[in-house]
Amino acid sequence: MKVLKFGGTSVGSVEAISKVAEILRKESKKEQLVVVVSAMSGVTNTLISISQKAAQRDADYEADLQTLEEKHCQAFKELTGNSNCFEISKLFVRLTEICRGVYLLRELTPRTSDYIQSCGERLSSFILSEYLKKEGLDVDLLDSRKYLITDKKFGGANVLWQSTKAALNELKPELGAISVFPGFIASTSDNETSTLGRGGSDYTAAVLANVLGAKELQIWTDVNGLMTADPRLVPTAHLLEHVSYEEALELSHFGAKVLYPPSIQPALDAEIPIWVKNTFDAEGPSTLVTKEWDDEKQAICGISSIQDIALVNLTGASMVGIPSFSFRLFKTLSEAKVNVIMITQASSEHSICVGISKSDAALAAEAINAEFEAEIALNKIDAAVIEEDLSVIALVGSHMKNQVGISGKMFNTLGRNGISVKAIAQGSSERNITAIINKSDLKKALNTLHESFFLSELKKINLFVVGVGNVGKAFLSQVQRQQAMLTKEFRVDIQVVAVANSRKSIFHEDGIDLNNWEQLLEEGQPSTIEEFTEEMKSLNLRNSVFIDITASKTISEVYQDLLEMSISVVTPNKIAATRDMSKYLSLKYATKKYGSQFLFETNVAAGLPVISTMNDLFKSGDRIHAIQAVLSGTLNYLFNNYDGTQLFSSVVKDAKALGLTEPDPRLDLSGEDVMRKLLILIRESGRKWEMDQIEQVSFLPEACEQAKDLDEFYQLLDKHEDHFKAIYNDAKSEDAQLRVVASFKDGVAKVGLEKVQKSHPFYFLEGKDNIVLFYTDRYEEQPLVVKGAGAGAEVTASGIFADVLRIANQ
């Protein structure tokens, strides 16, 4: 024998009921079937609404009754081809009489409410059984009220097991091929209609399976089974093919709506396997729930959640060591009919907090404050504090027991994404770890934990890109080319969620089409950096990375706020890392406190791994004593290509056209850009240093440095062409090369144009090459050399991309 229960959506339409019949036809060829059905979807809520309207003297209940009757008659006619709805109409005549009495008396008792609600399952079971008969199946419709006997706790009656077993055992020999029972309903020993409360149809099925000795229980619904997480919030959630009873109970308690915890208890007691199947995908995958099995599975089977939670906090010195305090608290909540979802209390006993439904928050606070009115008046304890707009998340898995590091991994993952945990609970069974967080962080938390614990899934990195000049375009092109490979080979899903220039921005939570981003941006919305960052914060996506590919001071000023929101920052913009030392340290401190990262490898030498090399040296215990470097690919290009035969300004313009300069080349030629790079290297070596501590020797005529704009600057360069020729000829006469050298040694930092002889590593630099020499404890005589192209859109973009991948691999 098998027991099959069909939920409201499974009998919610003519098409759905037809699918149920197909399933029963197939299953009845193999086994004797007991079928339990819920009311058609939405009907129970409609009946509750009708009864409440009647009690409030709202005559609209009559029209609602009429609509409900027509709905059931229409389904019956379409399925059976019988236009005579006598049995349905007879039930509605009695239902109308009951509601009329409620209307006249203005009273809705729990007993009357149960009778009204029972009509939904009685109607659906009748329609299904009549259709099955029409289809030629051997079916009997049985009234659950004759066999499930309960106490008189109307609205959520308790089954009287001795009476129920006696009635069902007497029925068992008489059961035919298919026996249809309405779910949810029962009766008292006085034959008064009662209901089994929330999840009542599942409970009906589990009781029948237990008492009748079914070999399995099938729960048919509109999903394929239990999922690793809520697929509406976690797109990568997948089906759980096999879970234990305990795991199913934990997942169901914390928001998985497929099963209701008390409803499967009778099946658990009898160790009956439970299948969760999809009526609309009968041959598809499903979930099997059993007592236990020997499958070597991972520790976590699923991540569950409840959205609208409130936290009740009670604190006070008088709570310490008083045995009756907790008793009074929970007795008060019980009497107020407030369901407690989670409990946590510090070992100091100074405070206790409980998680409850948000809808119960005001009632709970009122009841608690009334119970402890005397203690509050004497300042022995504080009045209850309610914190709302919270959610519960729970890691669930039978194999968590004695597994080291699960909770650490959970909270580390949440912390890295800036998700604050309000309260924590874990039972000694170690089957779940529960935390309360802000509701606004729920989606991010679920996706982050899902990625962390289900390793076969992708790790998604969400990029927010500001600045689409030469480097920005090159970066987006590189991301577009590498997305598929990174997904396939490294399980990293990099999506560009937003792109902005100085005028407009576009956002797409699932990722922008990088084949078409320029047109999309042209059609985008007007946007400021403030509006851009606010939208980014409101999306609150996991693994968010802000990428600033500008030279804007204004944009650099948002880094601090973003880092404190646990949003990492990647940038070639040098301004933030070269501001006052206190602000630089503040950015560094924010990364440590909020689990974000501030990466700026491209600040110094485009794509060359200069800063990362320094950091590796520092972390491994080495100490840098001196630095010598050519840090401007732009200046190196200029002095490698200027030979006095063409104007120096022409070479500068060529470099700008090739994307080798800053947007304003004066920043390169002034030496300020090199100074910023040297300052960054000094700071990253572990020293506190300011810009004004670097000596600068400029090679530009003073008049050029005073130019008001770029056009005037080019004109002044031409006017002082003889100056540049003289510098070039002087170096040529000594068979030397001109290099703008940045150096740091013995506490002295300097940037200036130098003549470099053939014996020096700087002499043979070509094109736009950069080079950095590190003299350290380990590299005392022969320096560690980092050399390569130090300018250009492609190499700078690759350096930005490398920083993004460092974050992805964190």
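Is cysteine 119 buried or exposed? Cysteine 119 is buried, and its relative accessible area is 0%. The notes below take the cysteines, the charged pairs and the sheet in turn.

1. Status of the model. This is a predicted model. Read each distance and angle below as computed from that model.

2. Disulfides. The structure holds 0 of them. Cysteine 85 is in no disulfide, although the sulfur of cysteine 73, the nearest cysteine sulfur, is 3.1 Å away. A disulfide needs the two sulfur atoms within 2.5 Å, so a pair at this distance is not counted. Cysteine 85 counts as buried, at 8% relative accessibility.

3. Cysteine 119. This residue is also in no disulfide. Its nearest cysteine sulfur belongs to cysteine 99 and lies 8.0 Å away. With a relative accessible area of 0%, cysteine 119 falls under the 20% limit and therefore counts as buried.

4. Salt bridges overall. A search of the whole structure finds 39. Three pairs are described in the points that follow: lysine 53 with aspartate 64, aspartate 230 with arginine 232, and glutamate 375 with arginine 328.

5. Lysine 53 and aspartate 64. The closest N and O atoms of this salt bridge are 2.7 Å apart. The pair links distant parts of the chain, 11 residues apart. Lysine 53 sits in helix α2 (residues 43-55), and aspartate 64 in helix α3 (residues 60-80). Lysine 53 is partly exposed at 22% relative accessibility. Aspartate 64 is partly exposed too, at 23%.

6. Aspartate 230 and arginine 232. Here the closest N and O atoms are 2.9 Å apart. The two ends of the bridge fall into separate classes. Aspartate 230 is buried, with a relative accessible area of 18%. Arginine 232 is exposed, with 70%.

7. Glutamate 375 and arginine 328. The closest N and O atoms of this bridge are 2.8 Å apart. The partners are 47 residues apart and link distant parts of the chain. Glutamate 375 belongs to helix α12 (residues 373-377), arginine 328 to helix α10 (residues 324-335). Glutamate 375 is buried, with a relative accessible area of 17%. Arginine 328 is partly exposed, with 22%.

8. A charged network. Arg111, Lys152, Asp190 and Glu192 are joined into one network by salt bridges that share partners.

9. The sheet. An open sheet is formed by 8 strands, in the order β3-β5-β2-β1-β8-β10-β11-β9. The pairing is mixed. Why do β3 and β9 stand at the edges? Each has a single partner strand, so one side of each is left without a neighbour in the sheet. β3 covers 139-141 and β9 covers 242-244. From one strand to the next, the twist averages 20°.

10. The β3 edge. β3 runs parallel to β5 (residues 178-182), and 3 bridges join the two strands. Aspartate 140 stands opposite serine 179 in β5.

11. Helices on the sheet. Helix α1 (residues 14-28) packs on the sheet. Helix α1 touches β1 (2-6), β2 (33-37), β5 and β8 (216-221). The direction of α1 makes about 175° with that of β1. Helix α5 (residues 110-134) lies across β2, β3 and β5. Helix α5 runs at about 160° to β5.

Methods. Residues numbered from 1 in each chain as written. Predicted model: local features only at pLDDT ≥ 70, side-chain atom pairs only at ≥ 80, totals over all residues. Heavy atoms only, no water. Buried < 20%, exposed > 50% of the residue type's maximum accessible area, 1.4 Å probe, protein only. Salt bridge = Lys/Arg side-chain N within 4 Å of Asp/Glu carboxyl O. Helix = DSSP H or I, 4+ residues; strand = E, 2+ residues; numbered from the N terminus. Pairing = 2+ DSSP bridges. Axes fitted to C-alpha atoms, helices over the stretch in contact; angles between N-to-C directions. Contact = heavy atoms within 4.5 Å.
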